[in-house]
Amino acid sequence: MKEVLRTTDPLTITRACGLLEAEGIVAFQFDQHMSVLEGSIGVLPRRLMVADRDHFMAASILRDHGIG
């Protein structure tokens, strides 16, 4: 798995997941429940991961939509 996006904005993660899903790329959110440890203040970034084989295409899709 490779990281394709890292952000503290939950809306950006949701948008990125939707864009990748529409293209048939499975993406996984890592660190989404870390807010429990940080006190829900949103300082720890969430990561969006994709399979190694999908990384190039996923990065291109997000870049084309101004994400990442």
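The largest nonpolar core, meaning a set of buried Ala, Val, Leu, Ile, Met, Phe, Trp, Tyr and Cys residues joined through side-chain atoms within 4.5 Å, has 14 residues, and those with the most contacts inside it are V4, L5, L20, L48 and L62. The elements that contribute two or more residues to this core are β1, α1, β3 and α3, and α1 gives the most, with five residues. Buried here stands for a relative accessible area under 20%, exposed for one over 50%, and partly exposed for values in between, computed with a 1.4 Å probe on protein chains only. In soluble globular proteins, nonpolar side chains tend to be buried together.

The model is a predicted one, in which local features need pLDDT of at least 70 and side-chain atom pairs count only at pLDDT 80 or more, while totals for chains, interfaces and linings use all residues. Residues are numbered from 1 along each chain as its sequence is written, and side-chain values use heavy atoms, with hydrogens and water left out.

One residue of the core, L20, can serve as a starting point for its surroundings. Leaving aside neighbours within four places in sequence, L20 is in contact (heavy atoms within 4.5 Å) with V4, I25, A27, L48, V50, A58, I61 and L62. Across the whole chain, 29% of the 68 residues count as buried, and among contacts between residues at least 6 apart in sequence, 69% join residues at least 24 apart.

The chain has three helices and three strands, which from the N terminus on run β-α-β-α-β-α; helices (H or I, at least four residues) and strands (E, at least two) are DSSP runs, numbered from the N terminus. The three strands form an open sheet in the order β1-β3-β2, with antiparallel pairing, where two strands are said to pair if DSSP finds at least two bridges between them. The edge strands are β1 and β2, each of which pairs on one side only. Neighbouring strands of this sheet are turned by 25° against each other on average, direction ignored. Five bridges join β1 to β3 in their antiparallel arrangement, and T7 stands opposite R46 in β3.

Helix α1 packs on this sheet, touching β1, β2 and β3, and its direction makes about 10° with that of β3. Helix α3 lies across β1 and β3 and runs at about 25° to β1. For such angles, axes are lines fitted to C-alpha atoms, for helices over the stretch in contact, and the values run from 0 to 180 degrees between N-to-C directions.

Within α3, the residues A58, S60, I61 and L62 are buried, and what covers the buried residues of this helix includes β1 (2-7), α1 (10-22) and β3. S60 is buried with a relative accessible area of 13%, and a polar atom of the S60 side chain lies 3.0 Å from the backbone oxygen of F56. Beyond the end of the helix, α3 is followed by G66, whose phi is positive, near 75°. On the other side in sequence, D54 is found in the loop between β3 and α3 (55-64) and counts as buried at 18% relative accessibility. D54 and M1 are 53 residues apart in sequence, yet their C-alpha atoms are 9.1 Å apart in space.

Which charged side chains are joined in salt bridges? The structure holds two such bridges, each defined as a side-chain nitrogen of Lys or Arg within 4 Å of a carboxyl oxygen of Asp or Glu. In one of them, the side chains of R6 and E3 meet at 2.7 Å, N to O; R6 counts as partly exposed at 49% relative accessibility, and E3 is partly exposed as well, with a relative accessible area of 30%. In the other, D31 pairs with R47, the closest N and O atoms being 2.7 Å apart. Because D31 lies in the loop between β2 (27-30) and α2 (35-38) and R47 in strand β3 (residues 46-50), this pair ties together parts that are 16 residues apart in sequence. D31 is partly exposed, with a relative accessible area of 29%, and R47 also counts as partly exposed, at 23% relative accessibility.

Definitions and conventions. Polar contact = N/O pair within 3.5 Å; in protein donor to acceptor, adjacent residues only side chain to side chain.
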